[in-house]
Amino acid sequence: MPEIDRIDRALIRALRRNARVTNAALAAEVGLSPSACLRRVRMLEEAGVIRGYTALVAGPAAEGRHAVIVRISLSRQTEDILNAFEAEVLRHPEIRQCYLMTGEEDYLLHLEAEGPGDYERIHKEILSRLPGVTRINSSFAIRSVL
């Protein structure tokens with residue numbers, strides 16, 4: 001991984017605000033020439049610092065879906081169990097985000113469900129069958145603030 005300097009951090013902040021900004025505008029914002037800016041962004045992408053770009057939509061509620069935050073505890077945190085858990089999570093599009101955590105729970109998941117009945121299906125058919133899971137604690141989001 002390359003050394004991240006203040007210009008790289010400025011590029012990342014600007015791209016987080018607007019990933020569709022033109023290279024020329026991005027270069028002007030961070031004080032680089034367009035060619036130097038493009039080269040730095042490509043290096044950040046190749047190094048895996050920038051892993052991709054996405055579109056933010058109105059949110060699950062606009063689509064008739066509900067955001068659910070799920071805290072998962074595993075039986076053990078061995079490399080085999082962590083790898084198996086993460087590989088299985090990637091197979092399920094209902095799970096939008098997955099974070100390995102410090103603290104009491106091992107993983108924090110953000111998923112979307114059409115409602116309580118759909119969440120029950122996800123709980124039975126997906127979450128409870130994930131490798132190494134010993135505890136599942138879920139909360140429905142009331143609304144999105146950000």
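Of the 146 residues in this protein, 32% count as buried, where buried means that under 20% of the relative accessible area remains. The structure is a predicted model, and its mean pLDDT is 91, with 93% of the residues reaching 70 or more.

Following the chain from its N terminus, the reader meets the elements in the order α-α-α-β-α-β-β-α-β, which gives 5 helices and 4 strands in the protein. The predictor's confidence can also be followed element by element: helix α1, covering residues 6-17, has the lowest mean pLDDT among the elements, at 92, whereas helix α2, covering residues 23-30, has the highest, at 97.

The overall dimensions come next. The C-alpha atoms fill a box of roughly 55 × 40 × 25 Å when the box is taken along the principal axes. The radius of gyration of the protein is 19 Å, while a compact globule of 146 residues would have one near 15 Å. As for how the chain meets itself, if one considers the contacts between residues at least 6 apart in sequence, 61% of them join residues that are at least 24 apart.

Finally, there is the surface and the charge. The accessible surface of the protein comes to about 10,000 Å², and 52% of this area belongs to carbon and sulfur atoms. The protein carries 20 positive and 20 negative side chains, and the centres of these two sets lie 6 Å apart.

Methods
Residues numbered from 1 in each chain as written. Predicted model: local features only at pLDDT ≥ 70, side-chain atom pairs only at ≥ 80, totals over all residues. Heavy atoms only, no water. Helix = DSSP H or I, 4+ residues; strand = E, 2+ residues; numbered from the N terminus. Rg over C-alpha atoms; globule rule 2.2 N^0.38 Å. Buried < 20%, exposed > 50% of the residue type's maximum accessible area, 1.4 Å probe, protein only. Contact = heavy atoms within 4.5 Å. Areas by Shrake-Rupley, 256 points an atom, 1.4 Å probe, with all protein chains shown as cover. Lys, Arg positive; Asp, Glu negative; His and termini not counted. Charge placed at Lys NZ, Arg CZ, Asp CG, Glu CD. pLDDT = per-residue confidence, 0-100.
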